[in-house]
Amino acid sequence: MSINKILNSLEKSWERDYILSNIKKGLGTDEIVNEFLVKNERQIKELNSLLRPEDIDLLNQVEQLSTCESKLINEIKNLNLENNENHHILNQKKIVPSNRVSFNKISSFMINWSNKFVVIALLTISAIALSKQAWA
């Protein structure tokens with residue numbers, strides 16, 4: 001099977017709605033990732049066997065990109081918390097800001113922007129873990 005077919009198959013098995021429902025049920029990220037790895041073990045091993053050194057470099061870069069995205073999400077969340085505190089103070093003074101960005105727009109942007117990167121990041125992490133196991 002080619003790398004593209006494997007990646008497409010893994011992307012289809014990483015359904016965001018299913019993942020979000022598991023998060024809402026209280027499952028931890030480690031549990032969700034481990035479940036994904038168990039369900040897709042064969043494909044992940046096959047993908048790992050097809051990876052070249054330059055692919056590993058690309059996966060490392062994608063991992064760094066995902067880390068940047070995670071930090072960006074945290075910064076936006078922190079700004080939102082600060083804005084909520086400021087909004088609360090402004091409401092106490094009867095002043096309402098007029099140019100607030102709706103949460104739905106931010107949420108939609110982040111979901112569309114990071115969807116594929118999450119799958120690639122998971123593949124990166126699993127490929128690195130499998131590589132470490134192979135060398136151990």
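# Close-ups of a predicted helical model

**View 1. Asn22 and the neighbours it touches.** Leaving aside residues up to four places away in sequence, Asn22 touches Leu27, Ile32 and Glu35. What you're looking at here, and in every view below, is a predicted model. Asn22 sits in helix α2. With a relative accessibility of just 3%, Asn22 counts as buried, since the cut-off for that label is under 20%.

**View 2. Where helix α2 meets helix α3.** Pull back from Asn22 and you get the pair of helices around this spot: α2 covers residues 16-24 and α3 covers residues 29-39. They pack at an angle of about 140°, and their axes are 11 Å apart. That angle makes α2 oblique to α3. On the α2 side, the residues in the contact are Tyr18, Ile19, Asn22 and Ile23. Facing them from α3 are Ile32, Glu35 and Lys39. Sorted by class, this contact has four nonpolar residues, one polar and two charged.

**View 3. The ring pair of Trp14 and Phe36.** How many aromatic pairs does the count come to? The count comes to one aromatic pair, and this close-up is centred on it. A pair of aromatic rings is described by the distance of the centres and the angle of the planes. For Trp14 and Phe36, the ring centres are 5.0 Å apart and the planes sit at 90°, so the pair is edge-to-face. The pair ties together distant parts of the chain: Trp14 belongs to the loop between α1 and α2, Phe36 belongs to helix α3, and 22 residues separate them.

**View 4. Trp14 and Phe36, buried or exposed?** Is Trp14 buried or exposed? Trp14 is buried, at a relative accessible area of 7%. Its ring partner Phe36 also counts as buried, with 6% relative accessibility. While you're at Trp14, look across to Asn40 as well: the two are 26 residues apart in sequence, and their C-alpha atoms are 9.9 Å apart in space.

**View 5. Where helix α1 meets helix α4.** Here the partners are α1, residues 3-13, and α4, residues 41-50. Their packing angle is about 145° and their axes lie 10 Å apart. The crossing of α1 past α4 is left-handed. Which residues of α1 meet α4? They are Ile3, Ile6, Leu7, Ser9 and Leu10. From α4, the contact takes in Gln43, Ile44, Glu46, Leu47 and Leu50. By class, that contact of α1 with α4 has seven nonpolar residues, two polar and one charged.

**View 6. Leu10, with no exposed area.** Zoom in on Leu10, a residue of helix α1. Leu10 comes out at 0% relative accessible area, so it is buried. Not counting residues up to four places away in sequence, Leu10 touches Phe36, Asn40, Gln43, Ile44, Leu47 and Leu123. Phe36 is also the ring partner of Trp14 from the earlier view. Ile120 is worth finding too: Leu10 and Ile120 are 110 residues apart in sequence, with C-alpha atoms 9.4 Å apart in space.

**View 7. Leu50 and the start of the chain.** Now shift to Leu50, which is in helix α4. Leu50 has a relative accessible area of 34%, so it is partly exposed. Again setting aside residues up to four places away in sequence, Leu50 touches Met1, Ser2, Ile3, Ile6 and Asp55. Between the C-alpha atoms of Leu50 and Ser2 there are 8.1 Å, although the two are 48 residues apart along the chain.

**View 8. Leu58 and Thr124.** Leu58 is part of helix α5, residues 53-92. With a relative accessible area of 47%, Leu58 is partly exposed. Leu58 and Thr124 are 66 residues apart in sequence and 9.0 Å apart in space, counted from C-alpha to C-alpha.

**View 9. The whole chain, for orientation.** To place the close-ups, step back to the full protein chain, which has six helices and zero strands. Its pattern along the sequence reads α-α-α-α-α-α. The chain has 136 residues, and 21% of them are buried. What share of contacts between residues at least 6 apart in sequence join residues at least 24 apart? In this chain, that share is 79%.

Conventions
Residues are numbered from 1 along each chain as its sequence is written. This is a predicted model: local features need pLDDT of at least 70, side-chain atom pairs count only at pLDDT 80 or more; totals for chains, interfaces and linings use all residues. Side-chain values use heavy atoms; hydrogens and water are left out. Axes are lines fitted to C-alpha atoms, for helices over the stretch in contact, and angles run from 0 to 180 degrees between N-to-C directions. Helices (H or I, at least four residues) and strands (E, at least two) are DSSP runs, numbered from the N terminus. Angles under 35 degrees count as roughly parallel, over 145 as roughly antiparallel, 65 to 115 as roughly perpendicular and the rest as oblique. Contact means heavy atoms within 4.5 Å. Ala, Val, Leu, Ile, Met, Phe, Trp, Tyr, Cys and Pro count as nonpolar, Asp, Glu, Lys and Arg as charged, and the others, Gly among them, as polar. A crossing is left-handed if the near helix is turned anticlockwise from the far one by less than a right angle, and right-handed if clockwise. Rings of Phe, Tyr and Trp (its six-membered ring) pair if their centres lie within 6.5 Å; planes under 30 degrees apart count as stacked, over 60 as edge-to-face and the rest as tilted. Buried means under 20% relative accessible area, exposed over 50%, partly exposed in between (1.4 Å probe, protein chains only).
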